[in-house]
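Got the viewer open? Let's walk through this one stop by stop, selecting as we go.

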Amino acid sequence: MSGDKPEPVPQAFAGRRWLLPSALIKEFDSEVARSGRVRRTARDWVVDFSCFLLAVFIGLLAADTIRKEDLPAGYAAFDQLVGALSCAAVWLRRRWPFGLAVAMVPVTLVSAAAGGASLIALFTLAVHRPFRYVAWVAGAYAAVTGVFYWFRPDPDLSYGWIVALASLLTVAVVGWGMLARSKRQLLLSLRDRARRAETEAQLRAEQAQRLAREAIAREMHDVLAHRLTLLSVHAGALEFRPDAPREEIVRAAGVIRESAHEALQDLREIIGVLRAGDPDDTGRPQPTLAALETLVTESREAGMKVALDQHVTDPAAVPASVGRTAYRIAQEGLTNARKHAPGTEVTVTVTGAPGEGLSVAVRNPAPEGEVPHVPGSGQGLIGLTERATLTGGRLEHGPGADGGFEVRAWLPWG
């Protein structure tokens with residue numbers, strides 16, 4: 001996750017950016033945030049124009065009330081002029097929400113026609129700024145409203161009723177704005193949570209691959225040590241007994257050639273594998289395909305229903321590295337079936353021949369009833385995929401047509 005790469009807009013809104021407010025576009029798109037300029041979306045234009053029309057409508061209603069008041073003609077014209085300028089200032093609400101809301105406090109004290117614009121400014125402040133800003137400005141609005149109606153009483157309602165209605169309207173506008181802000185904050189928090197989950201999943205996958213590499217490195221250490229030791233012993237015998245019979249020299253040379261060939265085959269698997277930590281000298285030789293029947297027997301003794309369909313006539317003839325990988329694939333498939341589909345019958349199929357490759361498949365039907373989720377699921381399959389790739393093969397896994405699960409692998413057998 002490079003810092004230079006722009007973060008995409010959530011997939012749910014891909015191709016529909018016009019549905020999002022420009023403030024959310026700025027949060028979702030880091031490239032837009034770095035540029036510092038956020039253009040209005042189609043939704044913003046619709047909302048801003050609606051707010052402007054609402055402010056004008058409330059201003060016209062206030063102008064009707066001004067005619068009923070006993071005010072000088074010059075002051076009435078001044079009131080309406082200030083109201084018109086306030087309605088025009090509504091278009092600046094996104095750029096300066098706090099500044100506009102503060103500026104409207106003294107304007108509300110002198111102009112009844114600016115009442116609609118002041119409510120729009122207060123709503124915008126509640127949407128874009130924390131509650132501490134909104135509380136101070138809303139308190140100032142309430143105080144100014146009381147002073148305004150004290151000097152300019154409403155011709156139709158008493159002072160107490162008009163102040164109560166104005167205060168209720170202020171609270172409603174603030175509550176509506178805070179609700180819109182909370183929805184935006186919830187959307188941003190879900191975005192952050194999804195991003196963290198994606199990062200954690202990537203870290204878990206990388207850790208599983210690293211652990212698989214370390215396990216393969218430990219296994220290759222044991223195999224290569226055996227091969228090279230055998231090669232060294234026979235080479236040393238040839239060095240110290242140059243007068244040995246010809247048959248012994250031929251046999252030793254054949255063993256050296258075969259050991260070197262096998263060591264090179266095993267060495268190919270370790271290329272690119274980084275070994276971390278100290279060597280595990282206490283490890284014992286890993287099981288191969290010949291131990292598959294023992295694995296199935298142990299699983300049956302543990303209570304599993306396992307059907308083994310093996311068509312390899314001589315499992316011991318399978319190369320050790322390929323046999324180990326096939327054994328681990330079957331072992332992981334049985335383990336997953338035991339965890340995610342308990343009580344079902346698992347089928348293990350092994351086919352292949354020299355020159356054709358070795359195929360391993362582990363299938364299980366869908367479990368009966370609900371099975372609790374197992375944390376960390378899928379990490380073993382990531383390691384198996386890495387292991388199969390390093391041997392020159394491939395591994396696939398996924399749900400079957402009957403709703404169960406299947407693991408399929410092909411490994412080279414030359």
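Start with a quick guess: is Thr344 buried or exposed? Select it and see: Thr344 is buried, because its relative accessible area is 11%, and buried here means under 20% relative accessible area, exposed over 50%, partly exposed in between (1.4 Å probe, protein chains only).

Some ground rules before moving on. This is a predicted model, in which local features need pLDDT of at least 70, side-chain atom pairs count only at pLDDT 80 or more, and totals for chains, interfaces and linings use all residues. Residues are numbered from 1 along each chain as its sequence is written, and side-chain values use heavy atoms, with hydrogens and water left out.

**Stop 1: around Thr344**

Thr344 sits in the loop between α11 and β2; helices (H or I, at least four residues) and strands (E, at least two) are DSSP runs, numbered from the N terminus. Show its side chain: a polar atom there lies 2.7 Å from the backbone oxygen of Ala341. Now add Lys305, Asn364, Pro365, Ala366 and Pro367, which Thr344 contacts once its neighbours within four places in sequence are left aside. Contact means heavy atoms within 4.5 Å.

**Stop 2: the sheet**

Switch to cartoon and find the open sheet of five strands, ordered β1-β2-β3-β5-β4 with mixed pairing. At its edges are β1 (305–310) and β4 (394–399), each pairing on one side only; two strands pair if DSSP finds at least two bridges between them. Neighbouring strands are turned by 10 degrees against each other on average, direction ignored.

Zoom in on β3 (residues 357–364) and β5 (residues 405–411), an antiparallel pair with seven bridges. Ser359 stands opposite Trp410 in β5. On to β4 and β5, also antiparallel, joined by six bridges. There, Leu395 faces Ala409 in β5. Follow the chain through this hairpin: five residues lie between β4 and β5, and Gly403 in the turn has a positive phi of about 90 degrees.

**Stop 3: helices on the sheet**

Select α10 (residues 292–301), which lies across β1 and β2 (345–353) and runs at about 165 degrees to β1. Axes are lines fitted to C-alpha atoms, for helices over the stretch in contact, and angles run from 0 to 180 degrees between N-to-C directions. Next comes α11 (residues 320–340), packed on the sheet and touching β1, β2, β3, β4 and β5, with its direction at about 5 degrees to that of β3.

**Stop 4: helix α4**

Which residues of α4 are buried? Colour Ala76, Asp79, Val82, Gly83, Ser86, Cys87 and Ala89: those are the ones. They cover an arc of only 155 degrees around the axis, so they lie on the same side of α4; the arc is that of the directions from the helix axis to the C-beta atoms. Spin to the face turned away and you'll meet the exposed Ala73, Gly74, Leu81 and Leu85.

**Stop 5: Asp48**

Finish in α3 (residues 42–68), home of Asp48. Asp48 counts as buried because its relative accessibility is 1%. Its side chain makes polar contacts with the side chains of Arg93 (2.8 Å) and Arg94 (3.0 Å). A polar contact is a pair of N or O atoms within 3.5 Å; within protein, one must be able to donate a hydrogen and the other to accept it, and residues adjacent in sequence count only if both atoms are side-chain atoms.
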